[in-house]
Amino acid sequence: MINQEPKIVFEYFDQLTKIPRPSKKEEKVIAFLEAFAKEHDLPFKKDKAGNVLISKPATKGYENRKSIVLQSHMDMVCEKNKDVDFNFDTDAIQTYIEDGWLKAKGTTLGADNGIGVAMELAILASDDVEHGPVECLFTVDEETGLTGAMELERSFFESDILLNLDSEDEGEMFIGCAGGKGTMAEFEYTKTYADPNRVYLQIDVKGLRGGHSGGDIHLGLGNAVKILARALYELGAEVDYELASIDAGNLHNAIAREGHAVIGIDPSDKESVAICINNFSALVQDELKGVDDGVKVTVSTTSTPDFCIDLESSDRLIAALIACPHGVLTMSHAIEGLVETSTNLASVKMQNKEGDDDVLFVETSQRSSHDSLLEMVGDMVTATFSLAEAYVYERDGYPGWEPNMDSEILKVVTDSYKRLFDKEPQVKAIHAGLECGLFKEKYPQLDMVSFGPTMRDVHSPNERMEIATVQMVWDHLLDILKHAPVQA
């Protein structure tokens, strides 16, 4: 049990940590939400995508307030350290508290966006919260494709005001977000038998922080795909080798934390490789000092594989990974400090999503506040891999959310914050993608704000949530509901 305040919120969050809820596998949490609604005798419904809506009538004296829909996504990013034995399909998240932060033991915490779900459940379950009509929307598969928001029925909820509880910096109120899309590349290759006379070495990149490819892209964090490609590219100038395997990164919306490759070399080159990798590791550590201090690039002997990748294909792949852009490309001219356009070189695998081997699969994701720049950066990545003779295709994108400084609910949110905390909130747009852009596309009349407690290193096993800010956001949310706009 997480014995923290606000007690009711942490009670529900604790229950969520025990329910497996990977993206696209939300059946157990959907069943939990439906059982919750039945237990509290609240109207609920589920659409074809699996999104759940639970409604609660206004408390006495607040019947004249405008209806508000509170929204969070029920799925979570499932990332763990390689030395941690954990099954996200069956196991409960193991939480602990350190220096005022709630953390998980070797895995993602799931506060993104479990804490938003917990706050909605707490409001639905409470009998002492003053509010107008409330709808609570829980969406599926936000993390791996925004599927729930994309497939949401246009008449699924009735409110014209939406509060998204999926932001990660207390005191920051978001009124806009970037649009995004994914660009994938596939390199077909020929398997060649591994030469038993060669020595096979494994090169590992580890110790990186990782992070959210939207919210953390401006931090200059190390990218395991890029670092591994650089190591292999530099080795190619020193020794002849054959590439047997390569694997780095995992999720399209996470900055790659770990990676490894297996190469085969002439035994006489073993010392040269060790020196080259040690020198390269020192260079990378110096480059990332103060940003990703834990980074290490190591080399060790490994067993002889069955097959290797043909030399021509591996050369094209590594050259393309070196050339592929990664990171911030442009900053906003309208909002100071806002990343406008970026791209994330997310992963490289030995097979594509359909499980086909003989295919080297590269996944990238692009974000921008401007549709034209989103197309531009997608074209840039496409051109890079096309020049390397890969098959390139795009994943369906999602729209951005244009800021509205004249928003009625924004005024309620900011006035409430100033009244409660005697300071001005920061009104911002965010580079990460939010479901709000898709909601706005289907419900053009929606008036929206996104906010939430402070979290760090989401989408990585270092994910943590600052406990004190949960109370602040909870108090803020209750005050917003109490002062919701009055119906015309």
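On a 1 Å grid over the protein atoms alone, a cavity is a set of points where a 1.4 Å probe fits but cannot get out, and its lining residues are those with an atom within 4 Å of a point. Grid points are joined across faces, edges and corners, and a volume is the space filled by probe spheres set on the points. The structure analysed here is a predicted model, in which local features need pLDDT of at least 70, side-chain atom pairs count only at pLDDT 80 or more, and totals for chains, interfaces and linings use all residues. Residues are numbered from 1 along each chain as its sequence is written, and side-chain values use heavy atoms, with hydrogens and water left out.

With this rule, one cavity of 30 Å³ or more is counted. The largest cavity has a volume of about 40 Å³. Its lining is formed by Leu16, Thr17, Ile19, Pro20, Arg21, Met76, Phe86, Phe88, Asp91 and Ile93. For the make-up of this lining, Ala, Val, Leu, Ile, Met, Phe, Trp, Tyr, Cys and Pro count as nonpolar, Asp, Glu, Lys and Arg as charged, and the others, Gly among them, as polar. On that scheme the lining residues of the largest cavity divide into seven nonpolar, one polar and two charged.

Turning to the helices, the elements follow DSSP: helices are runs of H or I of at least four residues, strands are runs of E of at least two, and both are numbered from the N terminus. The expected span of a helix is 1.5 Å times one less than its number of residues. Helix α8 (residues 371–387) has 17 residues and reaches 24 Å from its first C-alpha to its last, close to the 24 Å expected. Residues are called buried under 20% relative accessible area, exposed over 50% and partly exposed in between, using a 1.4 Å probe and protein chains only. In α8 the buried residues are Leu374, Val377, Gly378, Val381, Thr384 and Phe385. Viewed down the axis of α8, these buried residues fall within an arc of 120°, so they line one face of the helix; the arc is that of the directions from the helix axis to the C-beta atoms. Ser372 and Leu387, on the other side of α8, are exposed. With contact taken as heavy atoms within 4.5 Å, the buried residues of α8 pack against β9 (179–188), α7 (311–323), β18 (327–331), β19 (339–349), β20 (359–368) and β21 (391–398). Just after α8, Glu389 takes a positive phi of about 65°.

One of these packing partners, α7, has 13 residues that should span 18 Å, and its end C-alpha atoms are 18 Å apart, which agrees. The buried residues of α7 are Ser313, Ser314, Arg316, Leu317, Ile318, Ala320 and Leu321. For the 16 residues of helix α11 (residues 467–482), a span of 22 Å is expected, and the end C-alpha atoms lie 24 Å apart, which agrees. Buried residues of α11 include Val470, Val473, Trp474, Leu477 and Ile480.

The backbone also deserves a look. Most residues other than glycine have a negative phi, and most peptide bonds are trans. A cis peptide bond joins Glu5 and Pro6, with omega about 0°, and Pro6 lies in the segment before α1 (7–17). Another cis peptide bond joins Asp112 and Asn113, with omega about 5°; Asn113 is found in helix α3 (residues 111–125). Asp99, in the loop between β4 (95–98) and β5 (101–104), has a positive phi near 55° and is exposed, with a relative accessible area of 73%. Asp457, in the loop between β24 (455–456) and β25 (464–466), likewise has a positive phi near 55°, but Asp457 is buried, with a relative accessible area of 8%.

Two further helix residues complete the picture. Ser281, in helix α6 (residues 270–287), counts as buried at 8% relative accessibility. Not counting residues up to four places away in sequence, Ser281 touches Lys296 and Val297. The C-alpha atoms of Ser281 and Glu441 are separated by 47 Å, with their positions 160 residues apart along the chain. Lys418, in helix α9 (residues 408–421), is partly exposed, with a relative accessible area of 32%. Leaving aside neighbours within four places in sequence, Lys418 is in contact with Lys423, Glu424 and Pro425. Lys418 and Val29 are 389 residues apart in sequence and 36 Å apart in space, C-alpha to C-alpha.

Methods. 1 Å grid on protein atoms, 1.4 Å probe; cavity = no way out; pocket = protein on both sides within 12 Å on 5 of 7 lines; lining within 4 Å.
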